[in-house]
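Welcome! Please take a moment with the sequence and the 3D view before reading on.

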Amino acid sequence: MNPIVEFKNVSKTFYTKNGPFQALNQINLAIQEGDIFGIIGLSGAGKSTLVRCINYLEVPTEGEVRIAGRDLGKMNQKELRRQRQEIGMIFQNFNLLMQRNVLDNICFPLEIAGVKKADARKRAEELLEIVGLSDKAKSYPSQLSGGQKQRVAIARALATNPKILLCDEATSALDPTTTKAILALLKEINQKFKITIVIITHEMAVVEEICNQVAIVDAGKLVETGSATDVFSKPQTEIAKQLVYKEEANQLEVGGKRYVRVVFDGNSSFEPAIADMILNCRVRVNIMGADMKNIDGKAYGQMILQMPDEDVKAQQAIHYLEERNIIVEEVTAHGNTGTH
Amino acid sequence: MNPIVEFKNVSKTFYTKNGPFQALNQINLAIQEGDIFGIIGLSGAGKSTLVRCINYLEVPTEGEVRIAGRDLGKMNQKELRRQRQEIGMIFQNFNLLMQRNVLDNICFPLEIAGVKKADARKRAEELLEIVGLSDKAKSYPSQLSGGQKQRVAIARALATNPKILLCDEATSALDPTTTKAILALLKEINQKFKITIVIITHEMAVVEEICNQVAIVDAGKLVETGSATDVFSKPQTEIAKQLVYKEEANQLEVGGKRYVRVVFDGNSSFEPAIADMILNCRVRVNIMGADMKNIDGKAYGQMILQMPDEDVKAQQAIHYLEERNIIVEEVTAHGNTGTH
Amino acid sequence: METQELIKMLAEGSVDTLYMTLVSTALAYVIGFPMGIALIVTRKDGLKPMPAVNRILDIFVNILRSIPFLILLIAVTPLTKLIVGKSYGSTATIVPLVIAAAPFIARMIESSLLEVEHGVVEAALSMGASPLKIIVKVLIPEAKTSLIVGCTIALSTILGYSAMAGVVAGGGLGDIAIRYGYHRYQTDIMLITVIVLVLIVQILQEVGMQISKRTDKRVRG
Amino acid sequence: METQELIKMLAEGSVDTLYMTLVSTALAYVIGFPMGIALIVTRKDGLKPMPAVNRILDIFVNILRSIPFLILLIAVTPLTKLIVGKSYGSTATIVPLVIAAAPFIARMIESSLLEVEHGVVEAALSMGASPLKIIVKVLIPEAKTSLIVGCTIALSTILGYSAMAGVVAGGGLGDIAIRYGYHRYQTDIMLITVIVLVLIVQILQEVGMQISKRTDKRVRG
Amino acid sequence: GGKENKADDKTITVAASPTPHAEILEAAKDLLKEKGYTLEIKEFDDYPQQNVVVDEGEFDANYFQHQPYLDNFNEEKGSDLVSAAKIHYEPLGIYPGASKDLENIKDGAKIAVPNDATNEARALLLLEENGIITLKEDAGLNATKKDVEENPHNIEIVELDAAQIARVVEELDFVVLNGNYALDAGFNVQTDAIAKEEADSEAAQTYANIIAVKKENKDSEKIKALVEVLQSEEIGKFITDTYEGAVVPMK
Ligand SMILES: Nc1ncnc2c1ncn2[C@@H]1O[C@H](COP(=O)(O)OP(=O)(O)OP(=O)(O)O)[C@@H](O)[C@H]1O
Ligand SMILES: Nc1ncnc2c1ncn2[C@@H]1O[C@H](COP(=O)(O)OP(=O)(O)OP(=O)(O)O)[C@@H](O)[C@H]1O
Ligand SMILES: [Mg+2]
Ligand SMILES: [Mg+2]
């Protein structure tokens with residue numbers, strides 16, 4: 001089967017007064033139908049330029065971009081327009097129509113696609129509901145917060161049920177909760193309608209959560225590409241490692257002089273409580289000893305953890321466990337001193 | 001000592017054609033000099049509006065905003081301008097001057113402050129160097145990527161060495177690596193010059209990494225505020241919990257049927273390798289057993305981990321450990337089957 | 001002149017002036033609007049780059065812009081006669097007024113549409129919108145405010161031109177002011193006439209600015 | 001008319017036209033530019049809201065915009081004499097031209113500055129910039145393109161007005177065209193004159209558009 | 001400015017309408033040179049300003065108007081310009097348009113008259129003289145169609161710019177035209193006019209075009225020289241030859 005999006009030796013050079021600048025350099029890439037394809041890379045790497053080539057908003061200076069096997073460069077204007085109608089796009093800076101209210105902004109692509117007014121309105125209202133902005137239907141973009149604008153842009157891109165959805169940092173202005181809802185939505189439409197999604201993001205969590213394929217762009221070159229599993233489990237290049245491994249973790253304070261005993265007495269369910277604590281509180285605890293059992297889905301046993309000296313972190317971690325009905329006792333040189 | 005920023009019963013209502021909308025509701029808040037003050041909340045909660053009140057870009061409809069004890073509402077235009085010169089701001093949508101190149105954009109606040117041209121240029125070049133955009137000095141905003149624009153906005157806000165720095169999602173368009181560098185920079189200037197920083201962000205990692213104080217805004221109300229330690233260790237409200245605990249972690253696959261033995265044979269340094277693996281690869285491993293020793297900074301001992309069934313994650317986690325010279329052996333029902 | 005007579009004259013003049021100005025402006029927009037749009041669309045960086053067409057249009061507009069109104073007035077006499085049946089009177093004045101105003105309006109439109117942010121045009125392009133749809137649904141609505149302000153400027157400019165209507169017996173306040181104030185030194189009549197003119201311009205301006213403010217959704221609040 | 005004589009007349013006419021147009025435009029900007037800025041700044045949502053001043057200015061501009069040029073030409077004669085020492089000739093024409101063009105330019109400036117995005121003004125405000133600095137460093141530079149296009153429109157509009165210079169013996173191509181083409185029915189001379197006028201307008205337009213394109217940094221590429 | 005002109009009493013500065021005035025003056029240049037005078041002519045496209053510049057002393061004389069126009073100006077502006085001499089007159093004529101028969105003028109006929117102050121009243125008077133309308137008694141030189149008292153044939157008077165009238169002749173029944181415009185438009189006043197102001201008529205005397213000057217300059221040497229030349233044989237012949245009766249030299 002043909003890939004739905006295919007780059008063949010695509011290069012893009014911008015000619016500026018300060019000389020030419022090569023934003024894309026010999027990109028070869030294939031995106032299969034139904035993929036959720038993540039594109040990551042440093043700021044200015046060329047991600048947006050690459051994605052903008054997919055709907056020919058950026059015309060490559062070299063090479064071919066093919067959608068479902070057809071070279072965009074060989075299409076006439078009308079064919080290109082028809083093709084574009086099947087490609088939704090969420091822009092990095094939203095590009096909402098300032099003189100239209102939220103509802104009409106979402107109706108906009110439907111109008112272009114020639115959908116009847118009443119139907120368009122209905123669809124727009126549905127989408128507004130989904131992105132949680134029903135109460136802002138009559139507001140204008142200038143009256144919205146950053147995240148609200150982004151949600152309008154998302155709704156707008158989804159309005160026409162495109163076959164391909166291009167998301168240029170579609171959740172960068174959203175809080176974690178809203179982000180999660182949007183990602184769930186994207187996953188759902190991907191599975192339900194086999195929509196291909198190309199997603200640029202700086203949040204690795206987003207890639208991990210929904211992408212099955214990943215490409216890493218660095219200084220205009222495609223340096224790594226493959227299944228999300230491969231790239232994330234075995235990043236090859238320096239840049240990939242930098243992006244995939246959350247370096248921040250290594251900057252957290254290393255386990256210090258403080259030890260705690262964590263006791264599971266059957267009151268908590270058998271779940272990776274320690275892993276969750278580490279993930280949620282971002283504490284780099286050292287596991288000194290453990291003996292755990294799973295009896296009827298309940299956790300029994302205990303663990304000795306070396307906590308960071310930093311009080312904030314330690315406190316937060318302990319609080320987290322206690323909230324989950326786990327007993328935490330302070331230990332001095334493996335000796336007991338008291339319960340929290 | 002007076003707080004450097006103080007909100008007293010601040011409310012802000014926007015009067016629109018669709019009726020009034022109360023974006024801020026009786027906010028009381030104090031930010032001390034030298035704080036790095038994080039403001040978090042859902043999209044549309046009122047964060048930007050709140051921060052825009054600090055430099056009176058948004059004039060509250062009720063209440064007082066005081067900077068170093070002086071009510072902004074009682075200042076005349078000239079005083080307000082002088083006050084504003086001491087408050088730098090990074091806007092959510094950058095607001096760069098489209099007709100000025102990058103260098104001149106950074107010079108802009110310096111021109112306004114009356115700094116000599118040559119000095120301004122020098123300072124701008126320094127800042128460009130710091131944000132990694134020296135090669136784009138002569139480019140215009142329309143020729144920059146999203147992240148590059150954001151970095152110019154950051155450099156511009158820092159140019160005049162403001163006493164207070166307002167950051168409205170200053171790193172949302174930046175990749176993790178660049179974000180880290182920017183946060184380090186903010187931390188540094190905070191410590192070196194005692195600059196007070198107010199930071200709106202959707203990335204809890206950012207708050208954890210640099211904020212000492214946090215406020216949580218929800219639907220125009222300040223629902224929680226206090227030291228980052230307190231808020232993050234003992235979030236009180238539902239919304240705070242939603243934001244502080246990375247729910248995503250709980251959605252990762254729970255440890256499954258697959259067990260591995262992790263052996264530390266003295267070839268790896270004594271560091272929280274398992275915690276790092278959890279943090280970096282986001283795997284929710286269940287720790288079944290462990291016995292660890294620290295001998296001369298080297299790790300000795302072993303651990304039994306219940307891995308998630310999902311291959312991607314498991315594979316990634318194993319690869320991570322192996323790269324750190326840790327031996328990982330597959331175990332079936334606590335029995336050995338082979339080494340990776 | 002008797003007061004009553006004066007009032008009658010001013011009333012007639014006002015009607016003539018409004019008639020000529022409004023009808024001419026409307027018709028000039030009918031011609032000038034597409035011209036302005038064509039000027040934008042066929043630019044090298046436009047929606048449908050056609051350098052040759054752009055060049056020709058540009059020169060055509062400049063030619064019309066270059067001809068002194070009085071010359072235009074007589075040059076188009078045959079056309080005027082063809083269209084309105086006679087070559088004098090206020091209706092006849094409308095033809096040269098339209099021809100003089102259309103290229104001016106084209107330039108104003110061009111200038112307004114140039115200011116539309118490229119991002120929203122890109123958004124429309126990405127949705128597969130045709131140039132026509134982009135013009136109708138993006139360029140014009142987004143430039144609305146500027147277009148309305150431009151229309152206000154055009155209206156008073158055309159009202160200014162209409163003062164020359166006297167040459168072809170078109171009447172109107174401008175003609176009255178010139179006839180009495182300029183040729184016959186009746187400064188009082190001239191003053192009154194100019195005051196009426198000022199009132200008309202003021203009202204047109206006010207209406208235009210109000211509409212532009214009301215319909216502008218870009219400003220906060 | 002002999003060819004040589006004709007050429008001499010056209011050359012003189014061109015010089016007069018350019019002289020009147022360029023000098024008038026320059027001076028009209030000196031007056032109209034601050035007026036346009038004042039119109040923007042004193043708006044209710046402006047940098048220094050002064051509703052009363054805004055209203056007065058608005059009406060003042062409208063009054064000047066309402067007076068037919070011919071009337072203006074005569075009405076300002078005393079002023080003209082005071083300023084340039086005589087009330088006829090091309091230099092004398094400049095005074096009424098400036099007075100007629102300044103309010104037009106004020107409106108054009110107003111319209112251009114209205115289009116500047118509010119965000120950048122806010123950025124400047126947040127830096128503690130004074131209204132003056134915002135005008136000089138934000139509003140004008142950001143509206144640059146639109147201002148230049150507006151200037152091009154103003155230039156050809158003023159060139160159009162200058163055709164009336166003949167009334168006060170100001171000369172220029174417009175006057176020649178009217179004199180020979182209109183009063184004396186010498187269509188050939190008129191045609192040639194108009195061609196020269198077209199060339200001048202074309203050059204002014206071209207220069208303006210080129211500058212506006214060159215200096216516009218908003219477009220990609 | 002004007003003062004420099006005065007300081008030089010060998011240069012004569014004259015404001016004039018382009019046709020025929022400036023052309024006649026042009027022909028007089030050489031003759032004046034023989035007398036040691038330099039003649040400077042400035043063409044004005046319109047009338048009122050020419051009186052202003054003379055009154056203000058910017059010009060020595062002007063040459064475009066007739067006596068009633070000047071009187072009117074003096075009265076309105078409180079100035080004190082006088083006529084130095086009558087030079088020529090341009091007989092106003094009624095020319096046929098769509099209709100030819102003035103005697104049996106049809107009801108509702110359209111007649112065009114010039115709309116400027118110098119000529120409109122004169123044209124109306126010519127119509128009155130020919131029994132087509134009557135004017136109010138106090139209708140002076142500022143008469144417009146509003147001053148028509150009786151209009152038995154219910155004719156429609158169309159006030160047009162003098163230069164424009166010749167362009168719309170066929171749309172009207174009759175037109176009233178100045179000699180020079182008629183000439184430029186291809187009419188011959190002698191052969192084409194149905195009715196005209198005769199050379200020996202009262203009108204010719206009244207509406208003769210004059211050299212207007214400030215009162216105190218009336219007897220200055222250069223004005224005398226100017227008048228002398230303009231009333232000379234040579235200029236008289238020039239006018240007769242050039243304008244074929246549309247412009248008639250005064251004696
Ligand atoms: N000018 C305005 N007119 C009307 N409502 C407005 C205006 N500006 C903001 N709002 C509303 O006020 C609320 C708060 O907006 P604000 O920009 O402060 O949100 P925020 O917390 O910064 O959100 P985000 O994280 O999405 O940027 C939003 O619901 C928004 O729609
Ligand atoms: N019109 C242009 N002219 C010149 N250079 C450009 C232009 N557009 C983009 N570039 C340059 O091309 C490079 C890639 O830009 P692009 O927008 O694709 O980056 P990106 O990977 O999306 O970055 P970010 O994550 O910051 O959005 C950048 O260095 C940018 O400066
Ligand atoms: Mg980008
Ligand atoms: Mg915000």
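This report looks at the surroundings of the ligand and then at some annotated spans of one chain.

Keep in mind that the model is predicted. A good place to begin is ligand 1, which lies between chains A, B and C. Its surroundings consist of 23 residues, and the closest are S145(A), G147(A), K47(B), S48(B) and T49(B). Sorted by class, this shell holds 14 polar, five nonpolar and four charged residues.

Which elements each supply at least two residues of the shell? In chain A there is helix 5 (146–158), and in chain B there are strand 1 (5–16), strand 2 (19–31) and helix 1 (47–54).

Some polar contacts of ligand 1 are set out here.

| Residue | Atom of the residue | Atom of ligand 1 | Distance |
|---|---|---|---|
| G147(A) | polar backbone atom | oxygen atom | 2.6 Å |
| S43(B) | polar side-chain atom | oxygen atom | 3.0 Å |
| A45(B) | polar backbone atom | oxygen atom | 3.2 Å |

On its own, ligand 1 has 630 Å² of accessible area, and the protein covers 98% of that.

Now turn to chain C. An unreviewed UniProt entry carries the annotation "transmembrane region" for residues 18–41, 53–76, 88–106, 147–169 and 189–208 of this chain. How much of residues 18–41 of chain C is helix? In the model, that span is 100% helix and 0% strand, with its end C-alpha atoms 33 Å apart. Residues 147–169 of chain C are 65% helix and 0% strand, and the end C-alpha atoms of this span lie 32 Å apart.

Technical notes
Residues are numbered from 1 along each chain as its sequence is written. Chains are lettered from A and ligands numbered from 1 in the order in which they are written. This is a predicted model: local features need pLDDT of at least 70, side-chain atom pairs count only at pLDDT 80 or more; totals for chains, interfaces and linings use all residues. Side-chain values use heavy atoms; hydrogens and water are left out. UniProt positions are given in the numbering used here, feature names are shortened, and annotations may be inferred rather than shown by experiment. Helices (H or I, at least four residues) and strands (E, at least two) are DSSP runs, numbered from the N terminus. A residue is near a molecule or strand if one of its heavy atoms lies within 4 Å of it. A polar contact is a pair of N or O atoms within 3.5 Å; within protein, one must be able to donate a hydrogen and the other to accept it, and residues adjacent in sequence count only if both atoms are side-chain atoms. Accessible areas come from the Shrake-Rupley method with a 1.4 Å probe; for residues, only the protein chains shown count as cover. Ala, Val, Leu, Ile, Met, Phe, Trp, Tyr, Cys and Pro count as nonpolar, Asp, Glu, Lys and Arg as charged, and the others, Gly among them, as polar.
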